[in-house]
Structure formats: structure tokens, C-alpha cells
Amino acid sequence: MNVIIDICVVPIGVGVSVSAHVAACQDVIREAGLEHRMHAYGTNVEGPWDDVMAAVKRCHEVVHDMGAPRITTTMKISTRTDRVQHMDDKVTSVAERLGDKA
């Protein structure tokens, strides 16, 4: 089963800047070969369920290894069984209704 998630991994106890931790998670997702799009408050990731969830787990492991004693993660998960849909399809569908060329 394919899944699209929106994930935000927040290390706690590492100070104000978390960009190094975000970059480390981006590396994990990239190394997993998953389609992804980072945005201001998280990352959209799509792929096979087990691969995506393994990447989420690996992000936690890497961020803990970087010294974060605690991590809080929020995640929204979307699956479909009626048809194949990619994250870009969702954006394009709305952009077309708005008359955009996104």
C-alpha cells in the first residue's frame, strides 16, 4: 500500500535552531529513495507504507544520535485504495480549479 504523509519532527532539548536536525531527516528520506517535498513546517513524503514508516523511525534514531534527548513528531497519513494518487496530483487538482498553471 502506498502512503502520503506530512511529517514534522521536532527535537526537544537541543536549543532554538533545529536546521541541522531537519537536514539530517531530509538525508534519511533521500537515502531511502522516497519522493518528498520539504515545506516551512514539515515534509510531505510518499512511497510504500513500510518504507515510509521505516524512514520515520530512522529519522528518530538519527536525531537522537545527534544528542536530542526527546523528540515530538506530528504526522498526517493518507492512503487510497480507489486509485493511484501522488502528492503532486493533489496540488495540481486544486491549482487547476484556481486557474493556476502550477
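This passage describes the fold, the surface and the internal spaces of a predicted model of a protein.

The secondary structure comprises 3 helices and 4 strands, and these elements succeed one another along the sequence in the pattern β-α-β-β-α-β-α. Taken along the principal axes, the C-alpha atoms occupy a box of roughly 45 × 30 × 20 Å. Among the contacts with a separation of 6 or more, 70% join residues that lie 24 or more positions apart. Of the 102 residues in the protein, 30% are buried, and the accessible surface amounts to about 6,800 Å², with carbon and sulfur atoms contributing 53% of that area. The charged side chains number 11 positive and 14 negative, and the centres of these two sets are 5 Å apart.

Ile77, which is placed in strand 4 (residues 70-78), provides an example of contacts between residues remote in sequence. Although 72 residues separate Ile77 from Ile5 along the chain, the C-alpha atoms of the two are 4.5 Å apart. When its neighbours within four places in sequence are left aside, Ile77 is in contact with Val3, Ile4, Ile5, Trp49 and Met53; of these partners, Val3, Ile4 and Ile5 fall within the range of strand 1 (2-12), whereas Trp49 and Met53 fall within the range of helix 2 (49-65). Ile77 is nevertheless classed as partly exposed, because its relative accessibility is 43%, a value between the 20% limit for buried residues and the 50% limit for exposed ones.

Ile5 also takes part in the lining of an internal space. The count comes to 1 cavity of 30 Å³ or more, and the largest cavity has a volume of about 40 Å³. Its lining consists of Ile5, Ile7, Ile29, Val45, Val52, Ala55, Val56 and Cys59. Strand 1 and helix 2 (49-65) are the elements that give two or more residues to this lining, and helix 2 supplies the largest share, with 4 residues.

As regards the open spaces, the largest pocket has a volume of about 300 Å³. This pocket is lined by 18 residues, among which Cys8, Val9, Val22, Tyr41 and Gly42 lie nearest its centre. Two or more lining residues are given by each of strand 1 (2-12), helix 1 (19-31), strand 2 (35-39) and strand 3 (42-48). Strand 1 thus appears both among the elements lining the largest pocket and among those lining the largest cavity.

Terms used:
Residues numbered from 1 in each chain as written. Predicted model: local features only at pLDDT ≥ 70, side-chain atom pairs only at ≥ 80, totals over all residues. Heavy atoms only, no water. Buried < 20%, exposed > 50% of the residue type's maximum accessible area, 1.4 Å probe, protein only. Contact = heavy atoms within 4.5 Å. Areas by Shrake-Rupley, 256 points an atom, 1.4 Å probe, with all protein chains shown as cover. Lys, Arg positive; Asp, Glu negative; His and termini not counted. Charge placed at Lys NZ, Arg CZ, Asp CG, Glu CD. 1 Å grid on protein atoms, 1.4 Å probe; cavity = no way out; pocket = protein on both sides within 12 Å on 5 of 7 lines; lining within 4 Å. Points joined across faces, edges and corners; volume = space filled by probe spheres on them.
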